[in-house]
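Welcome, and thanks for taking a look at this one with us. Here is a short briefing to read alongside the model, grouped by topic.

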Amino acid sequence: MTDGLKYHNYLELDTLLSLQKPRAAESAAVKSTVLSEQFFIIAHQASELWLRQVIDDLEAVIDVFTTTDDTSQAEWIVDLLQRAGELTRVLHNQLTALDRLPLRDFAMFRNLLGTASGAQSQQFHRLGHLIGNAEQDGPLYESFAAWVTRSGHTVPDIARRGIDADIYYRIIEALLDIGNGYWRWQVSHISLITKVMGNHAGTGGTTGVNYLVSRCTLPFAELRELRSEAHVGLSVATS
Ligand code: HEM
């Protein structure tokens with residue numbers, strides 16, 4: 001039924017806007033601390049919403065790679081991968097907005113987080129699993145490579161042919177954009193933390209910055225290796 005449907009019903013805004021509950025509001029905190037905690041909550045909740053979209057899009061891509069043997073849905077794959085890449089930029093922006101979190105307010109409400117930490121984000125771990133890391137490819141890349149093989153090509157061959165490989169090459173470009181977006185998010189997360197926490201330990205019980213630096217990783221190792229090989233023999237001759 002769509003009769004009488006209004007914006008706030010369709011988006012379930014009453015529910016959505018009831019979900020930001022700064023804990024500082026229940027204490028004797030000043031208004032500025034309550035508003036800053038709300039800002040902190042919204043940045044995390046918005047990130048989780050965008051993560052949901054990225055994960056669903058990437059799982060749809062893996063499904064196509066796994067269940068089809070032709071390029072009939074390849075344009076849709078490119079659309080989904082490019083959207084996921086764009087959303088890594090949105091996630092990055094949610095994070096850099098937190099540069100505007102006043103240090104004093106954060107110090108005031110941080111103890112109210114208890115042991116809650118982004119390290120417990122199941123969706124972030126799911127994303128990390130799908131795209132893999134520098135040591136281990138995830139199902140996104142593995143299903144892509146298998147799909148390419150079933151279509152009679154190889155990933156190195158496609159990388160070598162570059163734009164002549166058309167849709168296959170555009171998929172590689174989109175994968176690399178996702179990997180770079182993921183990397184950019186990790187680096188910005190670390191620089192944000194150095195700014196608002198210095199060397200403080202995390203609420204999740206880690207050392208904080210040093211722990212996160214050790215976890216920073218660039219996925220799609222084979223694509224990067226092939227990227228460097230593309231430079232061999234292609235330079236313009238100098239006189
Ligand atoms: C002022 C803002 C932030 C601070 C101070 C902060 C701090 C930290 C710290 C110290 C850790 C290490 C784990 C621990 O001991 O707690 C961590 C992990 C993490 N945070 Fe944040 N964070 C902030 C914003 C965000 C945002 C907006 C997100 C988005 C959902 C996020 C997601 C994560 C994730 C996914 C991890 C685990 C990363 C990994 O395992 O490699 N954080 N954060």
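Let us begin with Thr-66, which counts as exposed because its relative accessibility is 52%, over the 50% cut-off. Please keep in mind that this is a predicted model. From Thr-66, the briefing moves on to helix packing, then to a buried threonine and the iron site.

**Thr-66 and its surroundings**
- Thr-66 is part of helix H3, which spans residues 31-67.
- Leaving out residues up to four places away in sequence, Thr-66 touches Ser-143 and Arg-150.
- Both of these partners, Ser-143 and Arg-150, appear among the H7 residues that meet H3.
- If you jump 114 residues along the chain from Thr-66, you arrive at Asn-180, and the C-alpha atoms of the two are separated by 24 Å.

**Helix H3 against helix H7**
- Helix H7 covers residues 139-150, and its axis comes within 8 Å of the axis of H3, with a crossing of roughly 30°.
- H3 and H7 are therefore roughly parallel to each other, since angles under 35 degrees count that way.
- The H3 and H7 crossing is left-handed.
- On the H3 side, the contact is made by Leu-58, Val-61, Ile-62, Val-64, Phe-65 and Thr-66.
- H7 answers with Pro-139, Leu-140, Ser-143, Phe-144, Trp-147 and Arg-150.
- Sorted by character, the residues of this H3 and H7 contact comprise 9 nonpolar, 2 polar and 1 charged.

**Helix H3 against helix H4**
- The axes of H3 and H4 approach within 9 Å and cross at roughly 165°.
- That angle makes H3 roughly antiparallel to H4, because values over 145 degrees fall in that class.
- The crossing of H3 and H4 is left-handed.
- In the contact of H3 with H4 there are 20 nonpolar, 3 polar and 2 charged residues.

**Thr-88, a threonine in H4**
- Is Thr-88 buried or exposed? With a relative accessibility of 6%, Thr-88 counts as buried, because the cut-off for that label is under 20%.
- Thr-88 sits in helix H4, which runs over residues 74-97.
- Setting aside neighbours within four places in sequence, Thr-88 is in contact with Asp-177, Ile-178, Gly-181 and Tyr-182.

**The iron site**
- Which residue is the only protein donor of the iron atom of the ligand? The donor is His-189, through its NE2 atom, at 2.2 Å.
- His-189 belongs to helix H9, which takes in residues 166-197.

Note on methods
Residues are numbered from 1 along each chain as its sequence is written. This is a predicted model: local features need pLDDT of at least 70, side-chain atom pairs count only at pLDDT 80 or more; totals for chains, interfaces and linings use all residues. Side-chain values use heavy atoms; hydrogens and water are left out. Axes are lines fitted to C-alpha atoms, for helices over the stretch in contact, and angles run from 0 to 180 degrees between N-to-C directions. Helices (H or I, at least four residues) and strands (E, at least two) are DSSP runs, numbered from the N terminus. Angles under 35 degrees count as roughly parallel, over 145 as roughly antiparallel, 65 to 115 as roughly perpendicular and the rest as oblique. A crossing is left-handed if the near helix is turned anticlockwise from the far one by less than a right angle, and right-handed if clockwise. Contact means heavy atoms within 4.5 Å. Ala, Val, Leu, Ile, Met, Phe, Trp, Tyr, Cys and Pro count as nonpolar, Asp, Glu, Lys and Arg as charged, and the others, Gly among them, as polar. Buried means under 20% relative accessible area, exposed over 50%, partly exposed in between (1.4 Å probe, protein chains only). Donors are N, O and S atoms within 2.8 Å of the metal (3.2 Å for Na, K and Ca); water is not among the atoms, so sites may look incomplete.
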